[in-house]
Amino acid sequence: MAKFQISPKFQMNRRKFLTSASLGLSGIALSGCDAFDSGLGIGGGLRSFLENANGLTWRAQRLLAGREALAPEFTEADIRQPQRPNGVTAPDDDTYKGLLANNFADWRLEVTGLVEKPLSLTREQLQNMPSRTQITRHDCVEGWSCIAKWTGTPLSLVLDQAVVKPEARYVMFHCLDTIEQSLSGDIKYYGSIDLIDARHPQTILAYGLNGKPLPVENGAPLRVRVERQLGYKMPKYLYKIELVDGFTAIGGGRGGYWEDNGYDWYGGI
């Protein structure tokens, strides 16, 4: 049987279409946040519309590209500028600053939740695992893009080492940077992906950028790269991975900080 192949031109058109769709939906969500929380009937209707659109984006990505399809990769010649930092670029958190002062010697990546073997990995242990280097394009929901070379440990290897339980469905990422201060305390950045994207070959825990150690402004000591999704789906300053069967009890229950504030959960491109 002949194997069906997607042409490079179609791949790029698909990527542009899905990026535009996600950007448009996120923009609607942000402009409609007041409506979500106002108690008006339109709020429930708008939220329901966006949740259905979120599912459509997710299904369209999987239908058009498949589970294992790779995001486009580039060459060294395509790297024309440093990776643009965005969001929090220097966490003003005592815990983070203490780890940074010791060059992250005391930092650990905790792997917890629905796993048979919880892990506590040093940066050196991660770097001694098989690595992957990929030159990819970072697409931000703000509308800019940047090509860079990332090096890190495939997330699938860490999950295999922890032995994920059958009931787990999502990977939650917990970070060290404070994204918001509230009356109830500091809110640290958090996000999630499903196990299909967690085990994708281009999903890595990156500790290197453009041939050098990952800088603070780009998420040191460790950040997530999920190359088929928008930038807000790639948390920085990572310290814990939690395997869960759902995320309704975490934050606002929609799977991530920006998702709880109106962004699309999947964020596919």
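User: In which loop is R80 found?
Analyst: The model is predicted: local features need pLDDT (the predictor's confidence in each residue, from 0 to 100) of at least 70, side-chain atom pairs count only at pLDDT 80 or more, and totals for chains, interfaces and linings use all residues. Residues are numbered from 1 along each chain as its sequence is written, and side-chain values use heavy atoms, with hydrogens and water left out. Helices (H or I, at least four residues) and strands (E, at least two) are DSSP runs, numbered from the N terminus. In these terms, R80 belongs to the loop between α3 and α4.

User: Is R80 buried or exposed?
Analyst: A residue is buried under 20% relative accessible area, exposed over 50%, and partly exposed in between (1.4 Å probe, protein chains only). The relative accessible area of R80 is 69%, and therefore R80 is classed as exposed.

User: How far apart in space are R80 and I147, C-alpha to C-alpha?
Analyst: Along the sequence, 67 residues separate R80 from I147. In space, the distance between their C-alpha atoms is 7.6 Å.

User: How many helices and strands does the chain have, and what share of its residues is buried?
Analyst: The chain contains seven helices and ten strands. It has 269 residues, and the share of them that counts as buried is 49%.

User: What percentage of the contacts between residues at least 6 apart in sequence join residues at least 24 apart?
Analyst: A contact means heavy atoms within 4.5 Å. Among contacts in the chain between residues at least 6 apart in sequence, the share that joins residues at least 24 apart is 71%.

User: Over which residues does pLDDT stay under 50?
Analyst: For the chain, the mean pLDDT is 84, and 75% of the residues reach 70 or more. One stretch stays under 50, and the model gives it 59 contacts beyond four places in sequence. That stretch is residues 1-51.

User: Which strand gives the most residues to the largest nonpolar core?
Analyst: A nonpolar core is a set of buried Ala, Val, Leu, Ile, Met, Phe, Trp, Tyr and Cys residues joined through side-chain atoms within 4.5 Å. The largest such core has 60 residues, and L109, I241 and L243 have the most contacts inside it. Six residues of this core come from the strand that gives the most, residues 170-182, which is β5.

User: Which residues does I241 touch, not counting those up to four places away in sequence?
Analyst: I241 is one of the residues with the most contacts inside the largest nonpolar core. With residues up to four places away in sequence left out, I241 touches L109, E110, V111, T112, L155, V171, M172, F173 and L205.

User: Which residue forms a salt bridge with K188?
Analyst: Side chains of opposite charge can pair when their charged atoms come close. A salt bridge is a side-chain nitrogen of Lys or Arg within 4 Å of a carboxyl oxygen of Asp or Glu, and the whole structure holds nine of them. In the one formed by K188, the closest N and O atoms are 2.3 Å apart, and the partner is D93.

User: How many residues apart in sequence are K188 and D93?
Analyst: K188 lies in strand β6 (residues 185-194), and D93 lies in the loop between α3 (41-65) and α4 (94-101). K188 is partly exposed, since its relative accessible area is 32%, whereas D93 is buried at 6%. The pair links distant parts of the chain, and its separation in sequence is 95 residues.

User: What is the distance between the closest N and O atoms of D160 and R199?
Analyst: This salt bridge also links distant parts of the chain, with D160 in helix α6 (residues 155-162) and R199 in the loop between α7 (195-198) and β7 (204-209). D160 is partly exposed at 47% relative accessibility, and R199 is partly exposed at 34%. The closest N and O atoms of the pair are separated by 2.8 Å.

User: Which backbone nitrogens does the side chain of D194 reach?
Analyst: D194 is found in strand β6 and is buried, because its relative accessible area is 6%. A polar contact is a pair of N or O atoms within 3.5 Å; within protein, one must be able to donate a hydrogen and the other to accept it, and residues adjacent in sequence count only if both atoms are side-chain atoms. At 3.2 Å the D194 side chain reaches the backbone nitrogen of I196, and at 2.9 Å that of D197.

User: How many disulfides are counted?
Analyst: A disulfide is a pair of cysteine sulfur atoms within 2.5 Å. C146 is buried at 2% relative accessibility, and C175 is buried at 1%. Under the distance rule, the number of disulfides is zero.
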